[in-house]
Structure formats: structure tokens, C-alpha cells
Amino acid sequence: MAVTDKERDECVAAAERLTAMRRLVDALFEYAKADEGARALVVAPVGVGAVVAACVADLHPAFVERQWEPTVRLDEDVVAPADPEALARIVENALVNCMRHGVAAPAITLRRAATVDGFALTIANEAEGLEGLDASRLFERFYRGDPSRRSGGSGLGLAIADALARAQGMTLTASLTDNRFTITLRG
């Protein structure tokens, strides 16, 4: 029995819906683990720059697809107490947010802070439609701002990043200035 084009299209659409639901369930589970402290973090001295560089490298194909070349400035030898997987997830979520909503390549800057083990990682890019966003709510679960930002994503990426940052004693902040969206992680 041959499958018609319509049946094939319906099966593909159903599979895409299931995949999207699985991603949402995975994101909710990840958020719950991070927010409730149920995720076992292994905090040790971590080369922050190496983690950031690995995340940028992992996302390189997506940058190439957009014809973006991120600006990356990393202070050498920035070492801070962190869980390397959780730190990578924070950076990845911030970068994916930039790609999903930005209109230009991000600028990624890692600077050593005045305190021992302290650092500031800033990820910023140009974006459109920021006037409808409330920066104080960007780390809330499911917050996606105005209708133009409601396509793609679950509204959990930055909430997960914030929960993971707090679990490691770090702070994650966001600012919106003109058409520039900036996320800063301080450790």
C-alpha cells in the first residue's frame, strides 16, 4: 500500500509536533532541576574562557548559516568556581537567544573582575522589537515579551540560565538599550 503525499505530510507534521513537545518537556525538566537545586552541580575551578570558546565553536555552524561573525574578546586565564556543564548551558542559552531574536552577530566579552575568582561575561547583540520587552521579566519562565518574539523557543532558556547561575552563586542580568540586548553573567 503506497503512502500518499498528504499522508506523508501529515506524518511529518505530527513528528514535528512531537519533537517540539519533547523539547518543551526537556526544558521544563531542566528548569525544575535547576530552580529547585535538584541538579547535582560539581563546582570546581573552571577556565571560563575555555567554556565560552567551546560554546561559540559548537554554535559556529549556526553563525555561518546567518553569515554572522561574533566578536569575541576573552581575558586569558579567567578561572572561577563553577560547574562546567552548568556554565556551558548558561552561555549556550544566552547565545541561542541572541541568534533567535537578534539581527546581528553578538559581541562576547569576558573580563576578570577585581575580586579573586570574579569575572563578568557580557553577550550583547542588536535586535528589533525590544521596546515591547520588560528587562526585569526576561528571566521568568515562559516570558517572551511582545507578539513578535513569540515564534520559536519555549520562553525557558533564560529562566534556566538564571536558575543555573543562582545555583552557583553567580548573577545573571539583562539590559535593553535602544536596539541592543545585553546579558551579563557575573561570578
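**Exercise 1.** In this predicted model, find which residues Asp83 is in contact with, leaving aside its neighbours within four places in sequence.

*Solution.* Leaving aside those neighbours, Asp83 is in contact with Ala40, Leu41, Val42, Val43 and Gln168. Next, place the residue: Asp83 sits in the loop between strand E3 (79-82) and helix H4 (84-101). One of its partners, Val42, has its backbone nitrogen 2.7 Å from a polar atom of the Asp83 side chain.

**Exercise 2.** Decide whether Asp83 is buried or exposed, and state which end of H4 it caps.

*Solution.* Start with the area. The relative accessible area of Asp83 is 7%. Buried means under 20%, so Asp83 is buried. Then look at the helix. A side-chain oxygen of Asp83 lies 3.0 Å from the backbone nitrogen of Glu85, and Asp83 caps the N-terminal end of H4.

**Exercise 3.** Check the length of H4 against its expected span.

*Solution.* H4 has 18 residues, and at 1.5 Å a residue it should span 26 Å. The C-alpha atoms at its ends are 26 Å apart, so the two values agree.

**Exercise 4.** Determine which element gives the most to the largest nonpolar core.

*Solution.* The largest nonpolar core has 37 residues, and those with the most contacts inside it include Leu95 and Leu121. Several elements each supply at least two residues, among them helix H2 (48-58), H4 and strand E5 (119-126). H4 gives the most, with eight residues. The buried residues of H4 include Leu87, Ile90, Val91 and Leu95. Leu121, in turn, is in contact with residues including Val52, Val91, Ile108 and Leu185.

Technical notes
Residues are numbered from 1 along each chain as its sequence is written. This is a predicted model: local features need pLDDT of at least 70, side-chain atom pairs count only at pLDDT 80 or more; totals for chains, interfaces and linings use all residues. Side-chain values use heavy atoms; hydrogens and water are left out. Helices (H or I, at least four residues) and strands (E, at least two) are DSSP runs, numbered from the N terminus. Buried means under 20% relative accessible area, exposed over 50%, partly exposed in between (1.4 Å probe, protein chains only). A polar contact is a pair of N or O atoms within 3.5 Å; within protein, one must be able to donate a hydrogen and the other to accept it, and residues adjacent in sequence count only if both atoms are side-chain atoms. Contact means heavy atoms within 4.5 Å. A nonpolar core is a set of buried Ala, Val, Leu, Ile, Met, Phe, Trp, Tyr and Cys residues joined through side-chain atoms within 4.5 Å. The expected span of a helix is 1.5 Å times one less than its number of residues.
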